[in-house]
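Hi,

Here is the structure I said I would pass on. Have a look at it first, and then read on for what turned up.

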Amino acid sequence: MIKICFHTMLFCTFVAAPSDVTINGLENPVNHGSTATLTGSYFSLLNATMIEWQKLNNSVFVDINTTEDKYVGSSTEGLNPRLVINSIKFSDGTSYRLMVSNEVGSTISSQMQLTVTGMTQ
């Protein structure tokens, strides 16, 4: 947390890393071959400098490349970042999380488990 004071107005405020980082609205299970959308939210007095979606891969969370056709996601815009996962495969069935950063620090959401059901085509 950083304290910022404006002496000319005798006003001080505290700024901190983003808070209340959550993932909402994922309906489980998701059918193989369909599309899933994860929606996040957070609070920050400062603009986000980075919004990063991550997925669990071999017991380690890795950043998701949202410039690939498989994924479409937010970078730094908006307070409700989204991650769209296209053409769901069984390998997409894992945990996901959201990391939001500002000039003070970073905060990571709780994990959201994505469960994939259905048959391959």
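Before the details, one term: a contact here means heavy atoms within 4.5 Å. Also keep in mind that this is a predicted model.

With that in hand, start at L38. Leaving aside residues up to four places away in sequence, L38 touches I23, L26, W53, P81, R82, L83, I85 and Y96. L38 also turns up in the largest nonpolar core, which has 21 residues. The residues with the most contacts inside that core are L38, L83, I85 and L114. Two or more residues each come from β3, β5, β6 (50-57), β9 and β10 (95-101). As general background, nonpolar side chains in soluble globular proteins tend to be buried together.

Next, the strands. β5 (residues 36-43) pairs with β3 (residues 19-24) through four bridges, and the two run antiparallel. If you want a spot to look at, find N24, whose bridge partner in β5 is T39. β5 is also joined to β9 (residues 82-85), again in the antiparallel sense and over four bridges. T39 shows up here too, standing opposite R82 in β9. So follow T39 in the viewer: it has N24 as a bridge partner and R82 across from it in β9.

Now for the charged side chains. How many salt bridges does the model have? The count comes to two, and D92 takes part in each of them.

One joins D92 to K55, at 3.6 Å from N to O. This pair links distant parts of the chain, with D92 in the loop between β9 and β10, K55 in strand β6, and their positions 37 residues apart. Are these two buried or exposed? D92 is buried, because its relative accessible area is 2%, under the 20% cut-off. K55, at 15%, is buried as well.

The other salt bridge is between D92 and K70, at 2.6 Å from N to O. K70 sits in the loop between β7 (60-63) and β8 (71-73) and D92 in the loop between β9 and β10, so this pair ties together parts that are 22 residues apart in sequence. Like D92, K70 is buried.

Put together, K55, K70 and D92 are linked in a network of salt bridges. If you open the model for a first look, I would suggest starting with L38 and its contacts, then turning to D92 with K55 and K70.

Cheers

Notes
Residues are numbered from 1 along each chain as its sequence is written. This is a predicted model: local features need pLDDT of at least 70, side-chain atom pairs count only at pLDDT 80 or more; totals for chains, interfaces and linings use all residues. Side-chain values use heavy atoms; hydrogens and water are left out. Two strands pair if DSSP finds at least two bridges between them. A nonpolar core is a set of buried Ala, Val, Leu, Ile, Met, Phe, Trp, Tyr and Cys residues joined through side-chain atoms within 4.5 Å. Buried means under 20% relative accessible area, exposed over 50%, partly exposed in between (1.4 Å probe, protein chains only). A salt bridge is a side-chain nitrogen of Lys or Arg within 4 Å of a carboxyl oxygen of Asp or Glu.
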